[in-house]
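Reading a protein structure gets easier with someone to talk it through. Shall we look at one together, feature by feature?

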Amino acid sequence: LEQDYDPETIDLFCDDVMQAAEDSRYIQVDGKPLVMIYQLNKLPNVQDVIHRIRQRFRRLRQQEIALATVFNDAFDPAWEKLVDIIVQFPPHRTPRVSMRKLMSADEVHPHGPDRGDFFESYDLVSKSSLEAVDTFEKLHPGVCPDWDNSPRRAKNANILIGSSPEKFEHWVKHASTSTLRKFELGNIVAPFLFVNAWNEWAEGAFIEPSAKHECAYLEALARG
């Protein structure tokens, strides 16, 4: 469906968030409702839209917000000063220190060579994500249990190879350490660690219980 970002739409969005934030379970950062914009680069004028959102909360609720966004390849480093939180969202939406390295289809069995899928090592993706956590001061580490979006793509799917609850736990432990370090240094406003995802079954990223792994990924997250 078409998405537009005219002033009325932005105002209605803010009003919806204000209503949701009245619930005691709504995530707050130092008393500020957490608001996340998935892709800043989709906004027609990033600075103006962010200013409008903040001003509407101030005017109607006399309240500041904790504004977050997810990193992607179109992220402008100048936008860091406009937001409070930048989210690392592996396997794709993360800065890269090392070059992306794909696996040869010959290393993966079985596979359909006519599909043109892309295969990556889970170990390398987790390593790359951990390497990048200091790329931006406000960047919060992210982790993922696995990734396979072939159910959503007839061709050119991206598939991670080699995930396990044990490897996920290892990633979580190191990402958690980075999160706490950045928080203690005052680089980030809260010790948030982002997980992709709870139940993204169509993209192979889920930590909720499954027939294959039962509660292993949830338990790995808890231990990490």
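What follows is a conversation between a learner and a teacher about this predicted model.

Q: Where do I start? How many helices and strands are there in the protein chain?

A: Welcome! Start with the inventory: the protein chain has 5 helices and 11 strands. Do keep in mind that this is a predicted model.

Q: How do I judge the overall build, and what is the radius of gyration of the chain?

A: The trick is to set the value beside what a rule gives for a chain of that length. Here the radius of gyration is 19 Å, and the globule rule gives 17 Å for 224 residues; the two are close, so the chain is as compact as a globular protein of that length. Along the principal axes, the C-alpha trace spans about 60 × 40 × 35 Å.

Q: And what share of the 224 residues is buried?

A: Buried residues account for 43% of the 224. As for the outside, the accessible surface is about 12,500 Å², and carbon and sulfur atoms contribute 52% of that. Contacts tell you about the fold too: among those with a separation of 6 or more, 69% are between residues 24 or more positions apart.

Q: Now the strands. How do strands join into a sheet?

A: In general, strands of a sheet pair through backbone hydrogen bonds, and the pairing can be parallel or antiparallel. In this model, 5 strands make an open sheet with mixed pairing, in the order S1-S2-S3-S4-S6. The edges are S1 (28–29) and S6 (139–140), each of which pairs on one side only.

Q: Can you walk me across it? In which sense do S1 and S2 pair?

A: Happily. S1 and S2 (residues 32–37) are antiparallel, with 2 bridges between them. One bridge puts glutamine 28 across from proline 33 in S2. These two strands form a hairpin with 2 residues between them, and aspartate 30 in the turn has a positive phi of about 55°.

Q: What joins S2 to S3?

A: S2 and S3 (residues 66–70) run parallel and are joined by 4 bridges. Look for valine 35, which stands opposite leucine 67 in S3. Further along, S4 (residues 85–87) pairs with S6 in the parallel sense over 2 bridges, and there isoleucine 86 faces leucine 139.

Q: How do I read a single residue in a strand? Is valine 87 buried or exposed?

A: Ask where the residue sits, how covered it is and what it touches. Valine 87 belongs to strand S4. Its relative accessible area is 1%, under the 20% cut-off, so valine 87 is buried. Beyond its neighbours within four places in sequence, valine 87 contacts Met36, Thr69, Val70, Phe71, Arg93, Leu139, His140 and Phe194.

Q: Let me try another. Where is glutamate 200, and which residues does it touch?

A: Glutamate 200 is in strand S10 (residues 199–200). With a relative accessible area of 27%, glutamate 200 is partly exposed. Not counting residues up to four places away in sequence, glutamate 200 touches Arg152, Ala205 and Phe206. Its C-alpha atom is 9.8 Å from that of aspartate 148, although the two are 52 residues apart along the chain.

Q: What about aromatic rings? How many aromatic pairs does the structure hold?

A: For rings, look at the distance between centres and the angle between planes. The structure holds 8 aromatic pairs. One of them is phenylalanine 75 with tryptophan 79, an edge-to-face pair at 5.7 Å centre to centre with 85° between the planes. Phenylalanine 75 is buried at 9% relative accessibility, and tryptophan 79 is buried at 16%. Another pair is tyrosine 122 with tryptophan 171: the centres are 5.5 Å apart and the planes lie at 75°, so this pair is edge-to-face. It links distant parts of the chain, with tyrosine 122 in helix H3 and tryptophan 171 in helix H4 (residues 165–184), 49 residues apart.

Q: Which residues form an aromatic cluster?

A: Phe71, Phe75, Trp79 and Phe136 form one.

Q: One last residue: is serine 126 buried or exposed?

A: Serine 126 lies in helix H3 (residues 122–131) and is buried, at 11% relative accessibility. A polar atom of its side chain lies 2.8 Å from the backbone oxygen of aspartate 123.

Definitions and conventions: Residues numbered from 1 in each chain as written. Predicted model: local features only at pLDDT ≥ 70, side-chain atom pairs only at ≥ 80, totals over all residues. Heavy atoms only, no water. Pairing = 2+ DSSP bridges. Buried < 20%, exposed > 50% of the residue type's maximum accessible area, 1.4 Å probe, protein only. Polar contact = N/O pair within 3.5 Å; in protein donor to acceptor, adjacent residues only side chain to side chain. Contact = heavy atoms within 4.5 Å. Phe/Tyr/Trp six-rings, centres within 6.5 Å; stacked < 30°, edge-to-face > 60°. Rg over C-alpha atoms; globule rule 2.2 N^0.38 Å. Areas by Shrake-Rupley, 256 points an atom, 1.4 Å probe, with all protein chains shown as cover.
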